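Grab a pencil and try these short exercises. Each one gives you a task, then walks you through a solution.

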Amino acid sequence: MSETAISGQELWSTVLPVLRERVGQATFDAVLKAAVPLAFEGGTFTLCVPNDFVRRMLEERHGPTISACLEEIIAEPVDLRMQVMETARPALDLWERTAAAATVMPTARQEFDIFETSPLNPRYTFENFVVADCNRFAHAAALQVVRNPGHSYNPLFIHSKAGLGKTHLMQAIGHSIRQQHRHMEVVYVSAENFVNQLISAIRDNRMAEFRRRYRYVDVWLVDDIQFIAAIEGPASEEEFFHTFNALSMNDKQVVIASDAPPRQLQMMNDRLRSRLEMGIVADLRCPDVETRVAILEKKAEAEGIHIPRDILEYLAKKIESNIRVLEGALLKVCAHTSLNQSPLSLAVVDEIVADYSTSPSEHRLTLKEIVEYVSERFNCPLADLVGPKRSKDIAWARQVAVYLCRELTDNSLSDIGSFFGGRDHSTILYAYNKVSEMVAEDEKVLWLMNDMKSALRDH
Ligand code: ADP
Ligand code: MG
């Protein structure tokens, strides 16, 4: 495709919805919305940003993601430049013209400027949520919360790996409560945003105001709570605990989403951890292939795009473990058709999907890669890791390897067992549980596992 075929504006509005999914709502609102496409010429895409702070944030933290998204769409290398212009106006108009944000609802209470919480995504409703075995329990719990906020399941704690519907389900609760209990103040906030607000409040001496803001809440939806302790440390954890207690003591509903169950959260405060488990804990698992097709159908329908069923099935088969990635691929397929105006063929789709699954952030680890890494890191020969030796060091390295295989891949216990020299699934489960318990009990083990996981993900 020739790059002159698409203007900077067109390219940017195509890439925005994808970027929003990738970087998250908080970052999107904070920095991406403030950027305006200036030009796209000779492979150079120039964004105009309002100040140096936004430029640095975008360049240092999100530059590679933005470039990758642009390149995925035009299938050519892009040189991303930022230009600071004091007069650059926020790209709100442009964003508002794009379908995804057309009906974003404002929050009810606008008086706390810096403590404004995020609007709910209008697409994340119960109607748009496909119910299947992988999420039936969490879905039922969510409906119960809507029926009787603050009184049935409090808190409701939803956890899963990334991209399996936590935010969607949590926001569906928010939408429905707003409809059915109109007097209730529903507040959705990502933990990251909560921490950012807290930091500003401390910096500007506005703690009293910050606390007041959360006192009016009837339903508090806190997303990605793992950020709180993991990144910012005790101050934000304490403030979260404070808010959580104040609300739940008054029978206000709290819903929490997290990438790990409460006992694996890096929270120093055991009381908080056990409080989080006092309501109901529900997980979301990977949907099977029929459910993935149903989700894609719903998504295509919601976007008003017709994609042949064989193509949806093909996508659903190829991308298994993350619905966000699956939807990203669908969007790319759509973008491809609208940009190229050529009919879709499976060959084209295959190219798009192949490209997707090899992108570094979504690289799927194999058992072999994990075991090789552990072997290197523990200085333990690979043959011993999968072999019969039982010395303490080898057994420990093997248990860690099993744990990582289970955490980082979708292989079944028996698949992992056969890889580890034909061990049976209960042996594998035992090893996995043993390390999980240590992770929950011993901070050093927790840090080691997290460190190894992120090293492997960047592999
Ligand atoms: P998480 O918060 O767990 O990372 P999200 O809630 O952001 O995941 O979901 C990722 C994408 O997948 C969203 O676009 C969401 O609408 C979609 N999705 C997830 N689960 C379902 C489902 N059961 N039915 C329809 N769409 C879903
Ligand atoms: Mg989420």
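**Exercise 1. Polar contacts of the ligand**

In this predicted model, find what Leu164, Lys166 and Thr167 each place by an oxygen atom of ligand 1.

*Solution.*
- Step 1: Start with Leu164, where a backbone N or O atom sits 3.2 Å from an oxygen atom of ligand 1.
- Step 2: Move on to Lys166, which has a polar side-chain atom 2.8 Å from an oxygen atom of ligand 1.
- Step 3: Thr167 also uses a polar side-chain atom, and the distance to an oxygen atom of ligand 1 is 2.8 Å.
- Step 4: Check the cut-off: a polar contact is a pair of N or O atoms within 3.5 Å. The 3.2 Å of Leu164 passes, and so do the 2.8 Å of Lys166 and the 2.8 Å of Thr167.
- Step 5: Now look around the ligand. There are 18 residues around ligand 1, and the nearest are Gly163, Thr167, His168, Arg324 and Glu327.

**Exercise 2. H12 against H13**

Work out how helix H12 and helix H13 are set against each other, and which residues make the contact.

*Solution.*
- Step 1: Locate the helices: H12 covers residues 289-302 and H13 covers residues 309-318.
- Step 2: Take the geometry. Their axes are 9 Å apart and the packing angle is about 125°. Because of that angle, H12 counts as oblique to H13.
- Step 3: For the hand of the crossing, H12 and H13 give a right-handed one.
- Step 4: List the contact. H12 brings Val289, Arg292, Val293, Leu296 and Glu297, while H13 brings Arg309, Leu312, Glu313, Leu315, Ala316 and Lys317.
- Step 5: Sort the residues of that contact of H12 with H13: six are nonpolar, none polar and five charged.

**Exercise 3. H18 against H21**

Do the same for helix H18 (residues 392-408) and helix H21 (residues 443-457).

*Solution.*
- Step 1: The axes of H18 and H21 come within 11 Å and cross at roughly 55°, which means H18 is oblique to H21.
- Step 2: H18 passes H21 with a right-handed crossing.
- Step 3: On the H18 side you'll find Trp396, Val400, Tyr403, Leu404, Glu407 and Leu408, and they meet Val445, Met449, Met452, Lys453, Leu456 and Arg457 of H21.
- Step 4: Sorted by class, the contact of H18 with H21 has nine nonpolar residues, no polar ones and three charged ones.

**Exercise 4. Backbone oddities**

What is the peptide bond from Asn154 to Pro155, cis or trans, and what is the sign of phi at Asp224, positive or negative?

*Solution.*
- Step 1: Recall the usual case: most peptide bonds are trans, and most residues other than glycine have a negative phi.
- Step 2: The Asn154 to Pro155 bond is cis, with omega near -5°. Pro155 sits in the loop between helix H5 and strand E4.
- Step 3: Asp224 has a positive phi, near 50°. Its place is the loop between strand E6 and helix H9.

Note on methods
Residues are numbered from 1 along each chain as its sequence is written. Chains are lettered from A and ligands numbered from 1 in the order in which they are written. This is a predicted model: local features need pLDDT of at least 70, side-chain atom pairs count only at pLDDT 80 or more; totals for chains, interfaces and linings use all residues. Side-chain values use heavy atoms; hydrogens and water are left out. Axes are lines fitted to C-alpha atoms, for helices over the stretch in contact, and angles run from 0 to 180 degrees between N-to-C directions. Helices (H or I, at least four residues) and strands (E, at least two) are DSSP runs, numbered from the N terminus. Angles under 35 degrees count as roughly parallel, over 145 as roughly antiparallel, 65 to 115 as roughly perpendicular and the rest as oblique. A crossing is left-handed if the near helix is turned anticlockwise from the far one by less than a right angle, and right-handed if clockwise. Contact means heavy atoms within 4.5 Å. Ala, Val, Leu, Ile, Met, Phe, Trp, Tyr, Cys and Pro count as nonpolar, Asp, Glu, Lys and Arg as charged, and the others, Gly among them, as polar. A residue is near a molecule or strand if one of its heavy atoms lies within 4 Å of it. A polar contact is a pair of N or O atoms within 3.5 Å; within protein, one must be able to donate a hydrogen and the other to accept it, and residues adjacent in sequence count only if both atoms are side-chain atoms.
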